[in-house]
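Okay, thanks for coming, everyone. Let me put the structure up, and then I'll walk you through the parts I've been looking at.

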Amino acid sequence: MKILLRACVLLSFISLLSGCNPARDSRNFYRDMLVLRSVSDRECVSRKDIGRIHLGCHFSDENYAILKGDFDYLRRMELRGPAAEKLQQMLGLQTLTGESLLDWFEDKIQFLLDETFGYLDASVRGVNLSSSFLNVYRNPFSIFEIPGHGLVEINSQKVGVAQLGAPFFKIFVGQEKSDTIKQIATLFHEARHSQGRGASFGFQHIPCPEGHRDVGKFYCDPCNNGAYTIQKLFFDSALAGCDECSDMEKIELSFNSYISKESVLSDTIECDATLEIP
Ligand SMILES: [Zn+2]
């Protein structure tokens, strides 16, 4: 069975890399066979959960503590100012509190993995794996093997799987609060990729245009309500609410808001944030 699973993963990776879509012609053949499996051969069985979020069991104790700290911080966060109102409206929340934001997140992402799950570019803070996978096959029959949790069928955009890279967990002395806020902003960014339908399925990024700092890289959003906008509004409202942030931390948050905004190409194009595969 293990050999079969490995073969299936290989098959799905090859088709992902080549950009072809075998599922369109052979859905029945591939049904139940598309398994994205951890490349780690290390067996582990212990389960680590934070609230409704399940963590891959390879998570180190140190990274687990950082992530738990993020969610604890989020729970008691105060978000203020016009950005907070806009964020509330964009996320469709009746109230904007740390708890309501956590609820919103837990409805989009159910599993968090670290870099031990598989290859991740060393500069990447996070990636929404389930959205990319569903986007290619556009049919709810992809399966992930989550270390410590077994096979999980991605049968809805709500079964979100995100992978966090090593840069996500970096915390610098004197920037603990802004680094924590950056981590939470990344989590919300990835959660936004679990939404959308049609052309905005997964709020996929597009290549940045000529003249942009990141020209040609998939770091830009065509919509004014995509992942980078959510990230920017979160930075702005966290900055307005962070009375205890140092001047250095406030500068750091302002800078991150600025570079998030740079990735948003349109002020006016609002994309459909409802779910295609609910
Ligand atoms: Zn993204």
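Let's start with one residue: leaving aside its neighbours within four places in sequence, which residues is C57 in contact with? Bear in mind that this is a predicted model. The contacts are C44, V45, S46, R47, K48, P147 and G148. If you want to find C57 on the screen, look in the loop between β3, residues 53-55, and α4, residues 61-75. And it's a buried loop residue, because C57 has 20 C-beta neighbours inside 10 Å, and 20 or more is what counts as buried. One of those contacts is another cysteine, C44. C57 and C44 are 13 residues apart along the chain, and their C-alpha atoms are separated by 6.1 Å.

Okay, stepping back for the overall picture. The protein has 278 residues, and 39% of them count as buried. In secondary structure we've got ten helices and eight strands. If you take the contacts between residues at least 6 apart in sequence, 73% of them join residues at least 24 apart.

Now the sheets. Remember G148 from that contact list? G148 belongs to the hairpin of β6 and β7, which has three residues between the strands, and there G148 takes a positive phi near 90 degrees. Those two strands sit in an open sheet of three, ordered β1-β6-β7, with mixed pairing. At the edges are β1, residues 35-37, and β7, residues 150-154, each pairing on one side only. Neighbouring strands here are turned by 25 degrees against each other on average, ignoring direction.

So how is the mixed pairing made up? On one side, β6, residues 142-146, runs antiparallel to β7, and five bridges join them. In that pairing F144 stands opposite V152, and I143 stands opposite E153. On the other side, β1 and β6 pair in the parallel sense over three bridges, with R37 opposite E145 of β6. Four of the five residues of β6 are buried, so β6 is largely enclosed by the rest of the structure.

Next sheet. This one is open too, with five strands in the order β2-β3-β4-β8-β5, and again the pairing is mixed. The edge strands are β2, 48-50, and β5, 126-128. Within it, β4, residues 111-113, and β8, residues 161-164, pair in the parallel sense over three bridges, and L112 has A162 in β8 as its bridge partner. Helices pack on this sheet as well. Helix α7, residues 129-137, touches β5 and β8, and its direction makes about 40 degrees with that of β5. Then there's α4, which lies across β2, β3 and β4 and runs at about 15 degrees to β2.

Last thing, a helix pair. The axes of α5, residues 81-91, and α9, residues 227-241, come within 7 Å and cross at roughly 140 degrees. That makes α5 oblique to α9, because only angles over 145 count as roughly antiparallel. The crossing is left-handed. On the α5 side the contact is made by G81, A83, A84, K86, L87 and M90, and on the α9 side by I230, L233, F234, D236, S237 and A240. Sort those by class and you get eight nonpolar, two polar and two charged residues.

That's what I've got, so over to you for questions.

Methods. Residues are numbered from 1 along each chain as its sequence is written. This is a predicted model: local features need pLDDT of at least 70, side-chain atom pairs count only at pLDDT 80 or more; totals for chains, interfaces and linings use all residues. Axes are lines fitted to C-alpha atoms, for helices over the stretch in contact, and angles run from 0 to 180 degrees between N-to-C directions. Angles under 35 degrees count as roughly parallel, over 145 as roughly antiparallel, 65 to 115 as roughly perpendicular and the rest as oblique. A crossing is left-handed if the near helix is turned anticlockwise from the far one by less than a right angle, and right-handed if clockwise. Two residues are in contact if their C-beta atoms, placed from the backbone, lie within 7 Å. Ala, Val, Leu, Ile, Met, Phe, Trp, Tyr, Cys and Pro count as nonpolar, Asp, Glu, Lys and Arg as charged, and the others, Gly among them, as polar. Two strands pair if DSSP finds at least two bridges between them. A residue is buried if 20 or more other C-beta atoms lie within 10 Å of its own, exposed if 12 or fewer, and partly exposed in between; C-beta atoms are placed from the backbone.
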